[in-house]
Amino acid sequence: MSDITLAFLALVFFNLIIRFWLYQRQAVSVIRHRSQVPEAFSTAIGLDDHQKAADYTVAKMRLGQIQLCVETVWLLVLTLGGGINSLYGWALDLMSADTPLLSGLVFLAMLGVASGVIDLPFAIYRQFGLETRFGFNRMTPVLFVTDLIRSTLVGALIALPILSLLMWLLQNAGPTTWIWAWLAWMGFNMLLLFLYPVLIAPLFNKFTPMPDSAHKAKLEALLNRCQFQASGLFVMDGSRRSAHANAYFTGFGRNRRIVLFDTLINQLTPDQLEAVLAHEIGHYQRKHLPKRLLTMSLISLALLWVLFQLLDAPWFYQGLGVQDANPATALALFSLAMPLCLLPLTPLSNALSRKHEYEADAYAAQSSEASELVHALVTMYRENAATLTPDSMYSLFHDSHPPAALRIAHLQSMQR
Ligand SMILES: [Zn+2]
């Protein structure tokens with residue numbers, strides 16, 4: 001066994017152990033605090049709701065552990081187990097040998113479908129086992145299947161052109177082609193950001209202008225106060241699929257829309273909804289999205305450079321068990337192996353995200369009422385069965401939002 005193979009195996013098991021251990025820590029922490037609602041929440045959240053959140057969190061961690069193990073085995077089957085070699089061989093059999101780009105695309109499509117099939121039982125169990133058991137599922141099996149077909153088609157429509165372009169660039173790579181690949185990648189992602197709200201999201205949900213109500217009057221007053229221009233307030237039929245609630249912005253400049261899940265409007269009072277919207281505006285005013293895009297673009301620049309270096313490195317293919325060295329197998333191997341190396345980026349990216357959440361909360365405390373945001377958050381924790389007692393290590397690693405207790409304490413410190 002080569003040194004590269006050994007290093008790859010070490011990396012695979014390191015990832016497996018770290019992530020499994022974090023799931024375990026989270027489950028243990030939640031179980032340990034299951035019998036008592038934390039002091040700060042004891043008036044707003046009953047023991048029943050607290051225990052439901054604990055059981056829901058533990059069930060998610062267990063499912064995560066099983067899925068992690070299955071995905072690790074699948075990764076090893078594809079690489080050292082020869083899966084990529086077989087898939088690529090089949091793709092060559094299907095296509096004529098003088099169209100490497102086409103056989104490469106067929107190979108990547110087969111790989112995508114096979115990986116999707118491995119994930120499908122988890123998606124089905126998550127929706128109809130886990131979410132149903134805790135009362136969150138609103139999806140019918142028919143809707144699940146239609147969603148699956150629609151998202152596969154949309155995914156193919158998005159992935160195939162950019163993958164073709166990337167493979168063509170890899171095939172004709174010169175010393176600076178990686179920069180062109182990066183420019184194309186960034187352009188493509190920006191295009192998606194523009195197209196998503198207009199073309200893709202409406203395929204899955206209905207967006208209707210928010211009807212006149214006490215909620216709407218509050219929100220419009222807030223938008224005026226913050227001098228925030230938006231092309232409208234829209235209600236999304238999130239309740240078609242799930243009882244979980246959310247709110248977000250889409251679009252750019254004058255075309256940006258505010259989207260509120262119908263479930264959220266039903267859960268919150270007008271004052272609470274105003275505070276939630278103030279938090280979202282805070283993200284915009286502090287330029288969190290452009291900051292995040294800049295970080296992502298620098299990371300993708302580095303990653304594409306690495307990909308173009310690996311293209312002609314025989315040790316990369318051989319060490320990971322792949323016989324055919326070409327742009328398609330390079331892309332496949334790279335997308336499978338790179339996430340293992342990027343593990344340390346997860347906690348860093350989440351730390352940045354938590355910092356942004358605190359900043360948006362501070363903005364909301366200034367332009368709305370901190371106490372209303374606290375009430376809204378407590379309601380959302382309760383209605384979403386989010387745990388109030390996460391493990392500190394798990395939270396540092398995985399949570400994009402600060403733990404409930406810290407977030408509420410931060411808001412209370414800013415109360416007027
Ligand atoms: Zn936020």
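Let's start with helix α14, residues 370-384. It has 15 residues. From first C-alpha to last, α14 reaches 21 Å, close to the 21 Å expected at 1.5 Å a residue. Keep in mind that this is a predicted model.

How many residues of α14 are buried? The count is 11 of the 15, so the helix is largely enclosed by the rest of the structure. Among them are Ala 370, Glu 372, Leu 373 and Val 374. Thr 379, Met 380, Tyr 381 and Asn 384 are also on the buried list. So what do these side chains pack against? The buried residues of α14 pack against α2 (47-78), α8 (262-267), α9 (270-285), α13 (345-367) and α16 (404-413). After the helix comes Ala 385. Its phi is positive, near 50°.

Next, the strands. I'll begin with β2, residues 233-236. Both of its faces are covered. Leu 233 and Val 235 are buried on one side. Phe 234 and Met 236 are buried on the other.

Which strands does β2 pair with? One is β1, residues 207-209. Three bridges join β1 to β2, and the two run antiparallel. Phe 207 has Met 236 as its bridge partner there. Another is β4. Here β2 and β4 run parallel, joined by four bridges. Val 235 stands opposite Leu 260 in that pairing. Met 236 has Phe 261 as its bridge partner in β4.

Now β4 itself, residues 257-261. This strand is mostly covered, with four of its five residues buried. It also pairs with β3, in the antiparallel sense, over four bridges. Phe 249 stands opposite Ile 258 in β4. So put the pairings in order: β1 with β2, β2 with β4, β4 with β3.

On to the aromatics. A search of the whole structure finds 11 aromatic pairs. Take Phe 228 and Tyr 284. Their ring centres are 5.6 Å apart and their planes sit at 90°, so the pair is edge-to-face. The pair links distant parts of the chain, 56 residues apart. Phe 228 is in the loop between α7 (214-225) and β2. Tyr 284 is in helix α9. Are these two residues buried or exposed? Phe 228 counts as buried, at 6% relative accessibility. Tyr 284 is partly exposed, with a relative accessible area of 21%. The cut-off for buried is under 20%, so Tyr 284 falls outside it.

The second pair is Tyr 248 and Phe 261. The ring centres are 6.4 Å apart and the planes are at 75°, so this pair is edge-to-face. Tyr 248 lies in β3, residues 247-250, and Phe 261 lies in β4, so the pair ties together parts 13 residues apart in sequence. Tyr 248 is partly exposed, at 23% relative accessibility. Phe 261 is buried, at 14% relative accessible area. Recall that Phe 261 is also the bridge partner of Met 236.

There is a cluster too. Tyr 56, Phe 134 and Phe 136 form one aromatic cluster.

Then the charges over rings. Which ring does Arg 256 lie over? Arg 256 lies over the face of Phe 228, at 4.1 Å from the ring centre. That is the Phe 228 of the edge-to-face pair with Tyr 284. The charged end of Arg 257 sits over the ring of Phe 234, 4.0 Å from its centre. Phe 234 is one of the buried residues of β2.

Finally, the overall picture. The protein has 16 helices and four strands. Its radius of gyration is 24 Å, close to the 22 Å the globule rule gives for 416 residues, so it is as compact as a globular protein of that length. Along its principal axes, the C-alpha trace spans about 65 × 50 × 40 Å. Of the 416 residues, 46% count as buried.

And the contacts? Take those in the protein with a separation of 6 or more. Residues 24 or more positions apart account for 77% of them. The pair of Phe 228 and Tyr 284, 56 residues apart, links distant parts of the chain.

How values were computed:
Residues numbered from 1 in each chain as written. Predicted model: local features only at pLDDT ≥ 70, side-chain atom pairs only at ≥ 80, totals over all residues. Heavy atoms only, no water. Expected span 1.5 Å × (residues − 1). Buried < 20%, exposed > 50% of the residue type's maximum accessible area, 1.4 Å probe, protein only. Contact = heavy atoms within 4.5 Å. Phe/Tyr/Trp six-rings, centres within 6.5 Å; stacked < 30°, edge-to-face > 60°. Lys NZ or Arg CZ within 6 Å of the ring centre and 35° of its normal. Pairing = 2+ DSSP bridges. Rg over C-alpha atoms; globule rule 2.2 N^0.38 Å.
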